[in-house]
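Here's a quick briefing on a protein model with a bound ligand. Have a look at the fold first, then we'll go through the sheets, the odd backbone spots and the ligand site.

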Amino acid sequence: MEILHVSAECYPMAKAGGLADVVGALPKYQNKLGHVAKVVMPMHRTRFLYDNEWETVHKGSFSMGQFFYEFTVIKEKTNKLDFDLYCIDINGLLDREKIYGYDDDTERFTAFQIAVLEWLSRWEHRPDVVNVHDHHTALIPFMLRFCYNYHHLSNIPVTLTIHNAQYQGWMGWDKGVYLPAWDSWRWGLLEWDNTINPLACGIKCADKVNTVSPGYMEELMQEANGLEALFNYERGKCSGILNGIDYSVWNPKTDTYILDNFTEKDYEAGKLLNKKQLCKEFGFDFKLPLFIFIGRLVGEKAADLLPEAIIRAYAEHRDKFSFLILGSGDPSVEHELMLLNNRWIGYYNSRMEYNEKLSHQMYAGADFLLMPSRVEPCGLNQMYAMRYGTVPVVRRTGGLADTVKDYGEQNGYGICFNNASVEDILHSMRRALELYSETKKLNEVRLTMMQIKNSWEVSAQKYIDLYSSIQ
Ligand code: GLC
């Protein structure tokens with residue numbers, strides 16, 4: 001089967017979050033299963049772009065409202081990622097350093113989607129299925145079916161994968177002219193609450209819709225940032241497929257970012273060496289339990305609770321633990337967390353950045369990973385942590401609830417709590433400190449976690465089964 005993934009992000013070309021990891025891994029595993037999966041994304045101006053060789057495979061042009069754009073499709077030459085990676089360059093619009101966050105993001109991603117369809121119209125390989133990801137690409141199912149230019153493509157089945165339903169790409173009706181001439185009888189498919197809502201439109205027009213964990217799909221039926229009724233109405237085509245993690249990238253045995261490689265057999269010594277190195281870098285005492293938080297510092301991840309939780313935890317257990325934070329996001333949260341850097345020197349530190357290498361070293365060297373997320377469609381960090389023997393301390397929500405079982409339960413291995421609140425975080429940190437003091441139990445938990453299989457093999461097949469159901 002030939003599959004075309006369309007996404008705003010793909011690791012290692014460009015990453016803002018877990019979406020990139022998924023789009024960088026899923027096609028690779030689909031290819032291993034004997035299919036031909038490819039990825040097309042915007043040509044962001046990233047390091048990967050400059051470090052690799054590309055060939056031009058297509059040039060075209062289109063109008064979008066009053067604008068006229070020329071675009072180029074380039075392809076990475078060496079199949080370095082184990083799948084074909086195509087990038088679309090629209091001069092001045094897509095070739096920027098950041099993936100999102102510009103005032104003209106609506107224009108940028110609408111133009112990207114039109115360029116994808118223009119290219120597809122003229123491409124000799126017609127995919128058997130198109131898999132679009134999140135709202136940045138969710139107008140494609142509508143355009144394929146109802147824009148006159150693409151009528152000849154209208155029988156290609158489309159799956160929409162939702163990694164995050166909080167962001168929906170809302171745009172005013174004045175932007176409706178951006179879409180290439182479309183069947184105006186169908187305006188209701190674009191409409192939600194007096195705006196064009198690309199995510200809602202994708203849910204209505206795609207043949208199948210899946211979220212990145214079964215638990216998250218159930219939650220969306222109750223609360224979906226205004227789209228609950230739609231999810232319920234479209235229930236018949238909705239399902240959840242749990243993400244896997246890329247075992248070739250996230251493997252403590254082969255990871256080149258970490259100081260000492262280890263396996264299930266020698267994890268005690270291996271983790272200790274990595275911990276010593278990490279603690280040395282930050283001036284921490286390696287004998288104390290080390291908590292980490294890695295991720296975007298935004299409300300969804302409940303990062304706003306961290307400053308108060310940390311202050312109160314140090315008040316309660318002074319000199320009893322270390323805490324290291326890596327992430328970036330909301331400037332006010334960043335500021336509060338940075339202020340704490342000078343308060344408990346030798347016990348606490350935070351780095352406000354995205355740093356792939358340091359994140360690997362943190363998973364390898366830490367004892368506990370805190371994820372108090374308010375919303376977590378799947379969450380990959382808890383799975384990375386488990387693979388490296390680091391105990392996840394998570395709120396029971398979405399994919400976290402699907403992947404972590406409290407160590408108090410039979411065969412459990414993590415620490416779970418119910419509410420995104422400072423109280424619940426503190427309670428869980430107490431339980432973590434207790435677990436840390438029981439070395440035998442802690443090691444049992446570590447071993448159990450490291451043996452769990454969260455690899456992509458199984459999930460990649462589930463995607464294939466989903467596509468097969470709409471052929
Ligand atoms: C988004 C979600 C995260 C998920 C990731 C990959 O970043 O917030 O929970 O793991 O997408 O699907």
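Nine strands make up an open sheet with mixed pairing, in the order β3-β4-β5-β2-β1-β6-β7-β10-β11. The edges belong to β3 and β11 (238-240), which have a single partner strand each, so one side of each is left without a neighbour in the sheet. Keep in mind that this is a predicted model: local features need pLDDT of at least 70, side-chain atom pairs count only at pLDDT 80 or more, and totals for chains, interfaces and linings use all residues. Residues are numbered from 1 along each chain as its sequence is written, and side-chain values use heavy atoms, with hydrogens and water left out.

**The nine-strand sheet**

- A word on terms: strands are DSSP runs of E with at least two residues, helices are runs of H or I with at least four, and both are numbered from the N terminus. Two strands pair if DSSP finds at least two bridges between them.
- On average, neighbouring strands of this sheet are turned by 25° against each other, direction ignored; the axes behind that angle are lines fitted to C-alpha atoms, for helices over the stretch in contact, and angles run from 0 to 180 degrees between N-to-C directions.
- β3 (residues 54-64) and β4 (residues 67-76) are antiparallel partners over 10 bridges, and one of the pairs puts serine 61 with glutamate 70 in β4.
- The hairpin of β3 and β4 has two residues between the strands, and glycine 65 takes a positive phi near 60° there.
- β2 (residues 36-42) runs parallel to β5, joined by five bridges; lysine 38 stands opposite aspartate 84 in β5.

**The six-strand sheet**

- There's also an open sheet of six strands with parallel pairing, ordered β14-β13-β12-β15-β16-β17.
- Here β14 (348-351) and β17 (415-417) stand at the edges with a single partner strand each, so one side of each is left without a neighbour in the sheet.
- The average turn between neighbouring strands of this sheet is 15°, direction ignored.
- β15 (residues 368-371) and β16 (residues 391-395) run parallel and are joined by four bridges, with valine 394 in β16 as the bridge partner of methionine 371.

**Backbone spots to check**

- Tyrosine 11 and proline 12 are joined by a cis peptide bond, with omega about 5°. Proline 12 sits in the loop between β1 (2-6) and α1 (18-32).
- Asparagine 79 isn't a glycine, yet it has a positive phi of about 55°. You'll find asparagine 79 in the loop between β4 and β5 (84-90).

**The ligand site**

- Which residues are around the ligand? They are Gly18, Leu19, Val22, His163, Val212, Asn243, Lys301, Glu376, Pro377, Cys378, Gly379 and Leu380, where being near means having a heavy atom within 4 Å.
- That shell divides into six nonpolar, four polar and two charged residues; Ala, Val, Leu, Ile, Met, Phe, Trp, Tyr, Cys and Pro count as nonpolar, Asp, Glu, Lys and Arg as charged, and the others, Gly among them, as polar.
- Domain 1 (2-244 + 456-468) and domain 2 (267-450) both give residues to the shell, so the ligand lies between them. The domain bounds come from an automatic or database assignment.
- The side chain of glutamate 376 has an N or O atom 2.5 Å from a ligand oxygen. Polar backbone atoms join in too: one of cysteine 378 is 2.9 Å from a ligand oxygen, and one of proline 377 is 3.4 Å from a ligand oxygen. A polar contact here is a pair of N or O atoms within 3.5 Å.
- The protein covers 94% of the 310 Å² of accessible area that the ligand has on its own, going by the Shrake-Rupley method with a 1.4 Å probe.

Key
A polar contact is a pair of N or O atoms within 3.5 Å; within protein, one must be able to donate a hydrogen and the other to accept it, and residues adjacent in sequence count only if both atoms are side-chain atoms.
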